[in-house]
Amino acid sequence: MWRFCSTPMSDSALAPVRVRFAPSPTGSLHIGGLRTALYNYLLARQTGGAFLLRIEDTDRDRFVEGAEADIQESLRWVGMDWDEGPDRGGPRAPYRQSERTDRYRDIVQQLLESGHAYLAFDTKEELDAARTAAGDAFAYDAASRMTMRNSLSLPADEVQRLVEAGMPYVVRFKVPERGEPVVFTDLVRGDVSIPLDRVDDQVLLKSDGFPTYHLANVVDDHDMQITHVIRGEEWLPSTPKHVLLYRALGWDAPQFAHLSLILSPTGGKLSKRSADKLGIPVNVAQYRDVGYDPRAVVNFLALLGWNPGDDRERFTLPELVDAFSLERLGDAPVTFSLDKLAWFNGLYLRDTPAEDLAAMALPAVQAKHPDVTLDALVPVADLMRERIAFANDLADFDYFFEDPAVYDEAGVAKRWKPEHSAALVRAYADAVEAAPSFDAETLETLLRQTADAAGVKAADLIHPVRIATTGTTAGASLFHTLEVLGRDAVVRRLRTAADRLG
RNA sequence: GGCCAGUUCGUCUAGGGGUUAGGACGCCGCUCUUUCACAGCGGUAACACGGGUUCGAUUCCCGUACUGGCUACCA
């Protein structure tokens, strides 16, 4: 609408926002969660606002020890920092929901007193029965609540008796029976409207005394003065509940932006299960462990559902902070592409210093070849940089660390001539052994001399030498590879191959 | 089933009433390299369908189909 005259700067000239990333510590941070965190972070940094980390640990059954630490490490790995959070506190502390239960109970009490909530005693069995009876169409709502066992349907003295007898109960939100549809503006999709009779009486307080997400998220976002709720699309259908809650509490609701979901290449939400099957890592920690460059992960993720409006594709985190805008967020689901991520990774990998590459790959290399040192790996990294997609791929080139055990069959068939290859290779080995110096240039001169002396083309020696020293037909510049291998290994390998291949 | 959202090359996307529908990944080819890769160049490939509205719809509206999400005392 105002697109014509607006510049990228004025487009998203927002007042400082307060946004949060609010993961549940039920496991390692999911790659989709990282994207959600990223968009929140970008908006906060761009507007000079605040990015908070809040831990939503209200589900005691799914709580995973160590998950919170993993989440924090994952965020730090890609370079995202937060202004307020469980580890560093802040003016709205605490930032762990399990430490805010008193606050939720107060709010629930308030809701109960104002008639916006009620006690419900229905057991799991009773609820299941109701669902079965209604053929899955059951909703605990204005239409059905009087048929259930709660403080609305039961006489007051009975409710009193049940509570005093210690009967477990939950507190449910009482959705208004009549009224206008709930309408809210989603920054990504525009106005969304849902009729009141489609909103059910959401449980606010569980029988274990912990709040549900719906309650805790509203209370915390209000208490923490969150201005923009940027979260996954899976929350879109329950947003009316949250809007109604804000209304009942007399609070202003924040702005909402629901991000399209990341789909698996085979369809459906990119879940642990579906991704594993396709070899797609789902946890951020896995990307780190496999050797992805965090800059590539961020770059890839940023462009999955957002675009800058021009053809730029390469962005560092600070560049993203500048370029980001909510307006350019896509509203359609996106499919995860490992190929594209790998391409980004190659982009960053190619201008990573060899020293850093070697350091990244060292653990993987040492797992196969314990004696390899960082110093020995640096020249390998330098040589192979353009031929690998991940730092850890360096570990695949075993020939840098041990003599080849086998020779590529097709390569031998094509390049190794029984009539003269062995003799040529032996002659070259002798020349290399006797050479005054050992460097790529000398090695090449020597090879051409050897070939000339034997009356064959250089190629007739180059290919057999590559096979003899590396076992394969593919690789970096032959003479630089030989230089990295070292004189002893080269001479030894040449002679061994001549003997074995004949 | 109900509710909500979505639908431009295989994938990520730009665009938007009149365009040769643009870019990127992938794939294919060429160049470079006596190999492989990188890089460069070129190519392949898309507006889900049906009705409207309009001089003209891929673009706006309505349906349909399909996809996805939600429908827990999980988040």
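Colleague: Which residues form one aromatic cluster?

Modeller: Tyr 39, Trp 306, Phe 315 and Phe 324 form that cluster. Please keep in mind that this is a predicted model.

Colleague: How many aromatic pairs does a search of the whole structure find?

Modeller: The search of the whole structure gives 17 aromatic pairs. In one of them, the ring centres of Tyr 41 and Phe 51 are 5.7 Å apart and the planes stand at 85°, so this pair is edge-to-face.

Colleague: Which parts does that pair tie together?

Modeller: Tyr 41 belongs to helix H2 and Phe 51 to strand S2 (residues 50–53), so the contact ties together parts that are 10 residues apart in sequence.

Colleague: Is Tyr 41 buried or exposed, and what about Phe 51?

Modeller: Tyr 41 is buried, with a relative accessible area of 7%. Phe 51 is buried as well, with a value of 0%.

Colleague: And how are the rings of Phe 184 and Phe 256 arranged?

Modeller: Their centres lie 6.0 Å apart and their planes meet at 70°, so Phe 184 and Phe 256 form an edge-to-face pair. This pair links distant parts of the chain, since Phe 184 sits in strand S5 (residues 182–186) and Phe 256 in strand S9 (residues 255–259), 72 residues apart. Phe 184 is buried at 5% relative accessible area, and Phe 256 counts as buried at 3%.

Colleague: Let us turn to the RNA. Which residues come nearest to RNA strand B?

Modeller: There are 59 residues around RNA strand B, and those that come nearest are Asp 59, Glu 313, Glu 386, Arg 387 and Ala 458. By class, the surface near the strand has 22 nonpolar, 13 polar and 24 charged residues.

Colleague: Which elements supply at least two residues of that surface near RNA strand B?

Modeller: They are helix H5 (124–133), strand S4 (170–173), strand S6 (190–194), strand S11 (334–335), helix H13 and helix H19 (459–470).

Colleague: Of the RNA atoms within 4 Å of the protein, what share belongs to sugar or phosphate?

Modeller: The share is 72%, and the rest belong to bases. As an example on the phosphate side, a backbone N or O atom of Tyr 213 is 3.3 Å from a phosphate oxygen of RNA strand B.

Colleague: Which base atom is 2.4 Å from the side chain of Arg 387?

Modeller: It is a base nitrogen of RNA strand B, at 2.4 Å from an N or O atom in the Arg 387 side chain. In another contact, a base oxygen of the strand lies 2.9 Å from a backbone N or O atom of Ala 459.

Colleague: Staying with helix H19, what does the side chain of Thr 470 reach?

Modeller: Thr 470 lies in helix H19, and its side chain reaches the backbone oxygen of Arg 466 at 2.7 Å. Thr 470 counts as buried, at 4% relative accessibility.

Colleague: Now the empty space. How much of it lies in the largest pocket?

Modeller: The largest pocket holds about 1200 Å³. It is lined by 36 residues, of which Pro 23, Ser 24, His 30, Glu 234 and Trp 235 are the closest to its centre.

Colleague: Which element gives the most to the lining of that pocket?

Modeller: Helix H2 gives the most, with four residues. The elements that contribute two or more are strand S1 (18–21), helix H2 (31–47) and strand S8 (228–232). The lining as a whole comprises 12 nonpolar, 14 polar and 10 charged residues.

Colleague: How many cavities of 30 Å³ or more does the search find?

Modeller: The search of the whole structure finds one, and about 40 Å³ of space lies in it. Its lining consists of Gly 291, Tyr 292, Asp 293, Asn 345, Leu 349, Thr 352, Leu 357, Met 360 and Ala 391. Helix H13 (338–350) and helix H14 (354–368) are the elements that give two or more residues to this lining.

Colleague: Finally, the backbone. Where is there a cis peptide bond?

Modeller: A cis peptide bond joins Ala 93 and Pro 94, with omega about 0°. Pro 94 is found in the loop between helix H3 (67–77) and helix H4 (101–113).

Colleague: Which residue has a positive phi although it is not a glycine?

Modeller: That residue is Gln 225, with a phi of about 55°. Gln 225 is placed in the loop between helix H7 (213–223) and strand S8, and it is partly exposed, with a relative accessible area of 42%. Most residues other than glycine have a negative phi.

Key:
Residues numbered from 1 in each chain as written. Chains lettered and ligands numbered in written order. Predicted model: local features only at pLDDT ≥ 70, side-chain atom pairs only at ≥ 80, totals over all residues. Heavy atoms only, no water. 1 Å grid on protein atoms, 1.4 Å probe; cavity = no way out; pocket = protein on both sides within 12 Å on 5 of 7 lines; lining within 4 Å. Points joined across faces, edges and corners; volume = space filled by probe spheres on them. Nonpolar A, V, L, I, M, F, W, Y, C, P; charged D, E, K, R; others polar. Near = heavy atom within 4 Å. Polar contact = N/O pair within 3.5 Å; in protein donor to acceptor, adjacent residues only side chain to side chain. Phe/Tyr/Trp six-rings, centres within 6.5 Å; stacked < 30°, edge-to-face > 60°. Buried < 20%, exposed > 50% of the residue type's maximum accessible area, 1.4 Å probe, protein only.
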